[in-house]
Amino acid sequence: MFQIIAKTLAGLEEILAKEIESIGGINIAIGNRMVSFVGDKKTLYMANLWLRTALRILKPVERFTASSPEELYDKVKAIDWTKYIEEGQTITIDNTIYSENFRNSRYAIYRCKDAICDFFVEKGMKRPKVSVASADVQLNLHITDEGDQEGSACTISLDSSGEPLYKRGYKEQLTDAPISEVLAAGILLKAGWDGSRDLIDPMCGSGTFLVEAALIATNTPAGIYRKGFGFERWTVGENAFDSELWQDLYDDDSAQREFIHHIYGSDISKVALEVTEKNIKAAGLAKYITLEHKDFEDFANETHPAEISYNEALIENPDAPA
């Protein structure tokens with residue numbers, strides 16, 4: 001068992017905590033735009049596959065204090081990186097830094113990368129290449145000043161997600177002002193959407209609310225359409241990818257449920273509806289969703305198949321252009 005950090009958007013922490021509880025996470029603690037919990041490798045994989053309101057899933061692996069970029073370099077270089085990175089793999093590092101000791105976050109990242117590369121070189125091993133996109137091992141450096149503690153608290157984590165989790169994989173095209181999949185799912189869950197009634201989105205844009213609503217209603221994993229996750233490229237030690245465990249989790253559809261109601265989407269833009277239709281088909285959810293070309297004013301003045309009452313839900317994108 002080990003600690004896991006799920007990053008999220010401000011305001012979605014409590015929803016995320018409930019999701020984490022549902023996949024078996026324990027010792028759940030809510031923070032600022034994050035929720036920490038304890039789990040095992042199975043929990044880590046499920047968090048990436050199932051959590052609708054998480055942006056990234058991190059596994060903290062090293063903690064120490066440092067007061068300067070040079071001390072950071074020394075502490076990072078002292079870590080046995082063969083526990084996390086195989087010789088010849090590519091790496092990338094992102095960061096979250098709130099510290100008076102590290103005002104230049106870019107320089108802190110440079111020193112961290114230098115330390116990791118120098119560790120391998122001094123061991124007579126091949127120097128890791130730094131890759132911005134699709135790195136084999138993605139790391140996160142978190143630095144913050146905590147109370148009266150001498151030096152800044154530094155945490156290095158393995159990023160098990162790779163690409164951010166809002167990139168579900170079903171969007172083939174986008175419209176103007178597309179809402180994040182994580183935010184759309186969060187709004188739906190905070191509103192109590194569970195698929196027990198019809199749902200209407202009268203300004204559906206690229207269809208994010210429609211697809212996320214259908215995924216929730218059928219209890220389909222949020223990450224089922226993704227091409228891959230960061231943890232699939234981990235190759236060494238206790239973190240090494242367990243393909244058999246992952247395949248069992250990915251193939252398990254026992255939690256999916258029947259959705260007997262319906263979802264309706266409309267938009268004034270024919271282009272938007274064409275985009276939406278492609279995204280819905282890519283997600284394989286067309287049978288649950290009906291689209292109409294309609295102005296919102298016409299929608300408001302007409303009787304809709306799902307007349308708005310306490311039995312139906314009405315949603316819209318708060319970021320959509322007026």
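Among contacts in the protein chain between residues at least 6 apart in sequence, what percentage join residues at least 24 apart? For this chain the figure is 77%. Hi everyone, and please keep in mind that we are looking at a predicted model.

Let's start with the overall picture. The protein chain has 322 residues, and 51% of them are buried. Its secondary structure comes to nine helices and twelve strands.

Now for the inside. In soluble globular proteins, nonpolar side chains tend to be buried together. Here, the largest nonpolar core holds 52 residues. Ile-57, Leu-72, Val-76, Trp-81, Ile-116 and Ile-156 are the ones with the most contacts inside that core. Which helix gives the most to this core? That is α4, residues 105-122, with seven residues. Try clicking on Ile-116: leaving aside residues up to four places away in sequence, Ile-116 touches Val-76, Trp-81, Ile-85, Ile-91, Ile-93 and Leu-139. There is also another core, lying apart from this one, with 23 residues. Ala-184, Trp-193, Ile-263 and Leu-273 are among them.

Next, have a look at one helix, α2, which runs over residues 41-50. Is α2 mostly covered or mostly uncovered? Mostly covered, with eight of its ten residues buried. Those buried residues are Thr-43, Leu-44, Tyr-45, Met-46, Ala-47, Asn-48, Leu-49 and Trp-50. What covers them includes the strands β1, β3 and β4, along with the helices α1 and α7. At the start of α2 you can find a nice detail: a side-chain oxygen of Asp-40 comes to within 3.2 Å of the backbone nitrogen of Lys-42.

Finally, let's visit the largest pocket. About 530 Å³ of space lies in it. The lining is made of 21 residues, and nearest the centre of the pocket are Ile-5, Lys-7, Met-34, Thr-96 and His-142. Which elements give two or more residues to this lining? They are the strands β1 (2-7), β4 (56-66), β5 (90-98), β7 (137-144) and β8 (152-159). The largest share, four residues, comes from β4. As for chemical character, the lining divides into seven nonpolar, nine polar and five charged residues.

One link to take away: β4 turns up twice in this tour, in what covers the buried residues of α2 and in the lining of the largest pocket. Thanks for listening, and do turn the model around yourselves!

Key:
Residues are numbered from 1 along each chain as its sequence is written. This is a predicted model: local features need pLDDT of at least 70, side-chain atom pairs count only at pLDDT 80 or more; totals for chains, interfaces and linings use all residues. Side-chain values use heavy atoms; hydrogens and water are left out. On a 1 Å grid over the protein atoms alone, a cavity is a set of points where a 1.4 Å probe fits but cannot get out, and a pocket is an open set with protein on both sides within 12 Å along at least five of seven lines; lining residues have an atom within 4 Å of a point. Grid points are joined across faces, edges and corners, and a volume is the space filled by probe spheres set on the points. Ala, Val, Leu, Ile, Met, Phe, Trp, Tyr, Cys and Pro count as nonpolar, Asp, Glu, Lys and Arg as charged, and the others, Gly among them, as polar. Buried means under 20% relative accessible area, exposed over 50%, partly exposed in between (1.4 Å probe, protein chains only). Contact means heavy atoms within 4.5 Å. A polar contact is a pair of N or O atoms within 3.5 Å; within protein, one must be able to donate a hydrogen and the other to accept it, and residues adjacent in sequence count only if both atoms are side-chain atoms. A nonpolar core is a set of buried Ala, Val, Leu, Ile, Met, Phe, Trp, Tyr and Cys residues joined through side-chain atoms within 4.5 Å.
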